[in-house]
Amino acid sequence: MLRRLIADALAASAPRILALPVGRPEKVTVRFRESEMRQLAEVSHQRGMTRTGWIVALVRSRLASPVQHSPNEHEVLRAIVRELNRIGGNINQIARAANTSVLQGRAVEPDLSVIQEAKMVIERELAQLRSALQGNADYWDGRR
C-alpha cells in the first residue's frame, strides 16, 4: 500500500532535471538600484534566504537545475520524511509479526481500523509533501 501511494505521488509529470552543476564556483557581480536592493532584501527574507542565496536559486531555477529549497522548506521536507520513515518502520514490524504468527501456525487477525488509520496518515503526509514540492516549483517558475 505504501509503495502504491508513493508511486502515485511520483506519477505526476517529472520535472526536467539536468546533471548537478560541476566545477569551482565563480563570482559574478551584479549591480542593482537602491529600490531593487530593498525589494531583493524583502523577497529573500520572506523565503528565509540571503539576497545572494535567493539570486543564485533564481538563476539556477531558470537554468533548469533541481528545484531550490529555502531553509524552512528543507525543515518541512525533513519532518515529512521522518514521519514516513516511522510509518514504514511500523509497517515492517506489523509484517514481521504477521509472518511470525503464520510460521507458528496461528491465524492472523488484522485490525482494519489500525490499517485504515495508517493509510490516512500516509495520505496526509504525502499530500503535505506534494503541496510543499508544488509550492516550491510554482514559486521558482514564477507562478507564485
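Here are a few short exercises on this predicted model, each with a worked solution.

**Exercise 1: the overall layout**
Work out which elements make up the protein and how they follow one another along the sequence.

*Solution.* Start by counting: you'll find five helices and zero strands. Now read along the sequence, and the pattern comes out as α-α-α-α-α. Next, look at burial: of the 144 residues, 22% count as buried. For the surface, the accessible area is about 11,300 Å², and carbon and sulfur atoms account for 56% of that. Finally, take the contacts between residues at least 6 apart in sequence: 65% of them join residues at least 24 apart.

**Exercise 2: checking the span of a helix**
Find out what span helix H2 should have, and compare it with the distance between its end C-alpha atoms.

*Solution.* H2 covers residues 34-46, which makes 13 residues. The rise is 1.5 Å a residue, and you multiply it by one less than the number of residues. That gives an expected span of 18 Å for H2. The end C-alpha atoms of H2 are 19 Å apart, so the two values agree. Then step past the helix: H2 is followed by Gly48, which has a positive phi, near 75°.

**Exercise 3: a charged residue under cover**
Where does Glu125 sit, and which residues does Glu125 touch beyond four places away in sequence?

*Solution.* First, place Glu125: helix H5, residues 112-140, contains it. Second, check its surroundings: Glu125 is buried, yet has no salt bridge. The nearest side chain of opposite charge belongs to Arg124, 4.0 Å away. Third, list the contacts, leaving out residues up to four places away in sequence: Glu125 touches Ile80, Glu83 and Leu84.

Technical notes:
Residues numbered from 1 in each chain as written. Predicted model: local features only at pLDDT ≥ 70, side-chain atom pairs only at ≥ 80, totals over all residues. Heavy atoms only, no water. Helix = DSSP H or I, 4+ residues; strand = E, 2+ residues; numbered from the N terminus. Buried < 20%, exposed > 50% of the residue type's maximum accessible area, 1.4 Å probe, protein only. Contact = heavy atoms within 4.5 Å. Areas by Shrake-Rupley, 256 points an atom, 1.4 Å probe, with all protein chains shown as cover. Lys, Arg positive; Asp, Glu negative; His and termini not counted.
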